[in-house]
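Colleague: Could you take me through one part of this model in detail, the protein surface around the DNA strand, and then how the chains that build it fit together?

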There are 2 protein chains.
Amino acid sequence: MGARRGEDVEVVTAPGRLPGGDERAVRERARAIPEAAVARLAVYLRVLSGLAEQGVTTIASEELSAAAGVNSAKLRKDLSYIGSYGTRGVGYEVEVLVDQIERILGLTRKHSVCVVGIGNLGHALANYAGFPGRGFPVSALFDVDEDLIGVPVGGILVSHVEDIPRVCAEREVSIGVIATPPPAAQGVCDRLVSAGVQCILNFAPVVLQVPDHVEVRKVDLAVEMQILSFHVARRADEAANADESGMVVPG
Amino acid sequence: MGARRGEDVEVVTAPGRLPGGDERAVRERARAIPEAAVARLAVYLRVLSGLAEQGVTTIASEELSAAAGVNSAKLRKDLSYIGSYGTRGVGYEVEVLVDQIERILGLTRKHSVCVVGIGNLGHALANYAGFPGRGFPVSALFDVDEDLIGVPVGGILVSHVEDIPRVCAEREVSIGVIATPPPAAQGVCDRLVSAGVQCILNFAPVVLQVPDHVEVRKVDLAVEMQILSFHVARRADEAANADESGMVVPG
DNA sequence: GTATGTGAAAAAGTTCACAGCC
DNA sequence: GGCTGTGAACTTTTTCACATAC
């Protein structure tokens, strides 16, 4: 990522420092993109794809950031993590950004997905044909319900949860989506992990315990609702306070 | 690396700084619970409710934090934002924490929810009878499809999107859930806002534009998948690098 | 003139470590 | 002894502001 620097700002290595691990740490850090920035890059990508479809070829940070709901400094900083692809005085070429973000996010390869738990939600997920933002083909479905096994959902036959290891290996599943009832989630997770799945998207309201090398992201409806509830409450408080211009709060 | 700030750089207020709004800002800050902590409080609440059901009456930060998937210092800090309800040398009373967290999150009152867009996902959401973590009754459903209007889903009749203002007012909806196709989302959002809904949970892959007083949270499948994809890719990179530096890669 | 890219400052969030209380 | 509560240290993330390039 050839950000060129006039001079090498040599890190004046303190003389007593770890010799071996240091360089690698530095390289890793240089390569590292903040987690928060990764999430936003995905958003920028979607906005950019939309723009490309509309025939927009060039865009300035100000405009792109507005469309993505962030401020322009943050957008530029985020983009700077992946390289320097803009033109000063002009802006960014939409197509270039799309390509670069896709590269960074690893979207140049396909990631097979399996969905475990074909209830209401699992059904909905399986039917998101090809999963939002193509590149994530759903290639296996699992449930424990005998009545569902062998039934096609969104074009894929449901397999039994017991077969997770075999089926996931065969179909090279790299991402597992858990949409089971809470009590089943940890067990399913363990099976996925032992099947070699390294990334899990968890919709079950449970905190999954996984080994370090497995990445879990969770989507938690109850938590989201409660956060909103908190904001409703706070707003009510603020309104009350504004009213009184100050003092409050009994235990 | 030498940038330590050992001594108190006394904040000699630069004479050019805003003096007026300062006090209020300070007071607000003192009262404020970090956004990140709010999300975790909701998780603690769930874990605690489970414990209470199992008859556990007292728990130490170490154990509770393990169950919630965070470290104990963070847990204690988070709890400290809502008050001091623990006993040194002992731990926390489960019931007390449940009550206090519920109070802070505003769960002592009910929040009526409406779901807009009764497709696969909306259907699943509407059927989450009473919504995860009771206290969020679904009290209205909306769609544009004439064939759906008047049909009961999860016990509630679907209304037309045009009726959002009237129905939301009647049923005192305080949280709107958007599960429409992307192109419809902003329009629906505008309607919800004009109906006085101040909190929105958005499942549509669009960045919603709302006035400042409206709180939006989004659940974005595509983004979640892409973040996982990023981690798959990074892992692959790391494996390649480790290879280079002579490490043994596990199968 | 205009808009990027980026050090440096500020803010937010996390972890440490230990005084204080049981 | 054991565990909470919390200032202080540290880390990460965001914002500022401007040199740099077109």
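Modeller: Happy to. Let's start with α4(A), which gives the most to the surface near DNA strand D, with five residues. Keep in mind that this is a predicted model. α4(A) isn't working alone: the elements that each supply at least two residues to that surface are α2 (35-53) and α4 (72-82) of chain A, plus α4 (72-82), β2 (86-87) and β3 (91-93) of chain B. So to speak, both chains have a hand on DNA strand D.

There are 25 residues around DNA strand D, and those that come nearest are R40(A), R88(A), S61(B), G86(B) and Y92(B). On the DNA side, 61% of the atoms of strand D that come within 4 Å of the protein belong to sugar and phosphate. On the protein side, the surface near DNA strand D splits into eight nonpolar, nine polar and eight charged residues.

Now for some individual contacts. N71(A) has a polar side-chain atom 2.9 Å from a phosphate oxygen of DNA strand D. From chain B, R88(B) places a polar side-chain atom 3.1 Å from a sugar or linking oxygen of the strand. G89(B) uses its backbone instead: a polar backbone atom there is 3.0 Å from a sugar or linking oxygen of DNA strand D.

Since both chains contribute to that surface, let's look at how they meet. The contact takes 65 residues from chain B and 66 residues from chain A, and the area buried between them is about 5900 Å², with carbon and sulfur atoms giving 66% of that. As for polar links, the rule finds 23 residue pairs in polar contact across the interface of chain B and chain A, both partners at pLDDT 80 or more. On chain B, the elements that give two or more residues to the side touching chain A are α1 (22-31), α2 (35-53), α3 (61-68), α6 (120-127), β9 (199-202), β10 (215-218) and α9 (221-244). The largest share of that side comes from α9(B), with 15 residues. By type, the residues on the side of chain B that touches chain A are 41 nonpolar, 13 polar and eleven charged.

Then there are the charges. Side chains of opposite charge can pair when their charged atoms come close. Across the interface of chain B and chain A the rule finds six salt bridges; one of them joins E215(B) to R235(A), at 3.9 Å, N to O. Over all chains the structure holds 16 salt bridges. Within chain A, for instance, R166(A) and E170(A) meet in a salt bridge at 3.1 Å, N to O. These two are four residues apart in helix α7 (residues 164-170) of chain A, so about one helical turn separates them.

Last, the symmetry. Chain B superposes on chain A by a rotation of 180° with 0.0 Å of shift along its axis, at an RMSD of 0.1 Å. The two copies are therefore related as by a two-fold rotation axis. The same surface serves both copies, as 94% of the contact residues of chain B recur in chain A.

Note on methods
Residues are numbered from 1 along each chain as its sequence is written. Chains are lettered from A and ligands numbered from 1 in the order in which they are written. This is a predicted model: local features need pLDDT of at least 70, side-chain atom pairs count only at pLDDT 80 or more; totals for chains, interfaces and linings use all residues. Side-chain values use heavy atoms; hydrogens and water are left out. Contact means heavy atoms within 4.5 Å. Buried area is the accessible area (1.4 Å probe) that two parts lose on being put together, summed over both. A salt bridge is a side-chain nitrogen of Lys or Arg within 4 Å of a carboxyl oxygen of Asp or Glu. A polar contact is a pair of N or O atoms within 3.5 Å; within protein, one must be able to donate a hydrogen and the other to accept it, and residues adjacent in sequence count only if both atoms are side-chain atoms. Ala, Val, Leu, Ile, Met, Phe, Trp, Tyr, Cys and Pro count as nonpolar, Asp, Glu, Lys and Arg as charged, and the others, Gly among them, as polar. Copies are superposed by least squares on the C-alpha atoms of residues with pLDDT of at least 70 in both. A residue is near a molecule or strand if one of its heavy atoms lies within 4 Å of it.
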